[in-house]
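The following exercises are intended for a reader who meets this structure here without prior acquaintance. Please attempt each task before reading its solution.

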Amino acid sequence: MTSREPTQQDGAQPRRRDARQNRERLLLEARALIAGHGVDASLEEIARRADVGVATLYRNFPTRDDLIRALHEIALAELATVKDEITAAPTAWDGIVVYTERVAEWLVADPALPPILKRMETIDPTLGQGKEFQSVIASLVAQAKRDGVLRPDVDAVDLAVLVTMVGSLGTLGGGYTGQWRRQLSIVLDGLRSKDLDRSKLPGRPLGAREFQAAVHGLSRRGKRAAIRPPGTASGA
């Protein structure tokens, strides 16, 4: 049997696969580094962690804004799955619970998300992030009020602020991260109509020493950031 001569197309497929994997690693490492250093994290460090050259990074993302746009698109795709869960909830209150739980969990699990979303507002102020998502939440709020299960003085923006506050525990790290479900339960009870029973809080509160340890851990992190030599956390 005669062997077939390799063609140019045979070599193209592995190259395309390698290019796709390089891009995926860059996005993964960018998200991880932004979580700790913000959207101005060093691009060179992102490339190093992804085990690619800086030229490969710039070939995929010519500017920092291009990288942020790509990360933002991933975030919106993830948020779309949350919207599907919300609309499938049997009642408006259940939808509110799904919304607050899933989005808070999403933010806690990935502290890179808030700075990415915030930077996109600067990159493209006309983007109108999540308008369709916001309309879904507004409809839930209106229906929950009609059902008599939500405080009449709460609106959709209140929910967005509250879930962002709870989700910000992910940026604090340490002992704070595991507290988000408990704190969210307190928030949800505060949102319910006063005539309804309160739910039992999940987990346990931090002890005084645990709380102090978490606070001191944040203070040490802040001091380390303050004495970091100029230029070590920024990139091109």
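**Exercise 1. The chain as a whole**

How many residues does the protein chain have, and what percentage of them count as buried? Describe also the secondary structure and the exposed surface of the chain.

Solution. The coordinates to be examined are those of a predicted model.
- Step 1. The protein chain has 236 residues, of which 36% count as buried.
- Step 2. Eleven helices and zero strands are found in the chain. Read from the N terminus, the order of elements is α-α-α-α-α-α-α-α-α-α-α.
- Step 3. The surface that the protein chain exposes amounts to about 14,200 Å². Carbon and sulfur atoms supply 54% of that surface.
- Step 4. Among contacts with a separation of 6 or more, 68% join residues 24 or more positions apart.

**Exercise 2. Two residues of helix H1**

Is Arg31 buried or exposed? Determine the corresponding class for Ala32, and state what surrounds Arg31.

Solution.
- Step 1. Arg31 lies in helix H1, which covers residues 8-37. Ala32 is likewise part of helix H1.
- Step 2. The relative accessibility of Arg31 is 14%. Buried means under 20%, so Arg31 counts as buried.
- Step 3. For Ala32 the relative accessible area is 43%. Because partly exposed covers the range between 20% and 50%, Ala32 is partly exposed.
- Step 4. With residues up to four places away in sequence left out, Arg31 touches Leu71, Ile74, Glu78, Trp106, Asp110, Ala112 and Leu113.
- Step 5. Ala32 can also be related to Arg49, which is 17 residues away along the chain. The C-alpha atoms of Ala32 and Arg49 are separated by 9.9 Å.

**Exercise 3. The annotated span**

Which residues does the UniProt annotation "DNA-binding region" cover? Characterise this span, and then examine Asp51.

Solution.
- Step 1. According to the unreviewed UniProt entry, the annotation "DNA-binding region" covers residues 42-61.
- Step 2. The span of residues 42-61 is 70% helix and 0% strand. Its end C-alpha atoms lie 14 Å apart.
- Step 3. Asp51 is located in the loop between helix H2 (43-49) and helix H3 (54-60).
- Step 4. The phi angle of Asp51 is near 60 degrees, which is a positive value in a residue other than glycine.
- Step 5. Asp51 has a relative accessible area of 66%. Exposed means over 50%, so Asp51 is exposed.

**Exercise 4. Helix H4 and its partners**

How are H4 and H5 oriented relative to each other, and why? Repeat the analysis for H4 and H6.

Solution.
- Step 1. The axes of helix H4 (residues 64-87) and helix H5 (residues 92-109) come within 9 Å and cross at roughly 155 degrees.
- Step 2. Angles over 145 degrees count as roughly antiparallel; H4 and H5 are therefore roughly antiparallel to each other. Their crossing is right-handed.
- Step 3. On the H4 side, the contact is made by Ala75, Glu78, Leu79, Val82, Glu85 and Ile86. On the H5 side, Gly95, Val98, Tyr99, Arg102, Val103 and Trp106 take part.
- Step 4. The axes of H4 and helix H6 (residues 113-123) come within 9 Å and cross at roughly 120 degrees. That angle makes H4 oblique to H6.
- Step 5. The crossing of H4 and H6 is left-handed. In this pair, Arg64, Asp65, Ile68, Arg69, Leu71, His72 and Ala75 of H4 meet Leu113, Ile116, Leu117, Arg119, Met120 and Ile123 of H6.

**Exercise 5. Helices H8 and H10, and a loop residue**

At roughly what angle do the axes of H8 and H10 cross? Locate Arg204 as well, and list its contacts.

Solution.
- Step 1. The axes of helix H8 (residues 156-167) and H10 cross at roughly 160 degrees and come within 10 Å. H8 and H10 are therefore roughly antiparallel to each other.
- Step 2. The crossing of H8 and H10 is right-handed. Leu159, Leu162 and Val166 of H8 meet Trp180, Leu184, Val187 and Leu191 of H10.
- Step 3. Arg204 belongs to the loop between helix H10 (180-191) and helix H11 (208-227). With 49% relative accessibility, Arg204 counts as partly exposed.
- Step 4. Apart from neighbours within four places in sequence, Arg204 is in contact with Gln179, Arg182 and Glu210.
- Step 5. The C-alpha atoms of Arg204 and Gly178 are separated by 9.9 Å, and these residues are 26 residues apart along the chain.

Notes
Residues numbered from 1 in each chain as written. Predicted model: local features only at pLDDT ≥ 70, side-chain atom pairs only at ≥ 80, totals over all residues. Heavy atoms only, no water. Helix = DSSP H or I, 4+ residues; strand = E, 2+ residues; numbered from the N terminus. Buried < 20%, exposed > 50% of the residue type's maximum accessible area, 1.4 Å probe, protein only. Contact = heavy atoms within 4.5 Å. UniProt positions renumbered as here; feature names shortened; annotations may be inferred. Areas by Shrake-Rupley, 256 points an atom, 1.4 Å probe, with all protein chains shown as cover. Axes fitted to C-alpha atoms, helices over the stretch in contact; angles between N-to-C directions. Parallel < 35°, antiparallel > 145°, perpendicular 65-115°, else oblique. Left-handed = near helix turned anticlockwise from the far one by under 90°.
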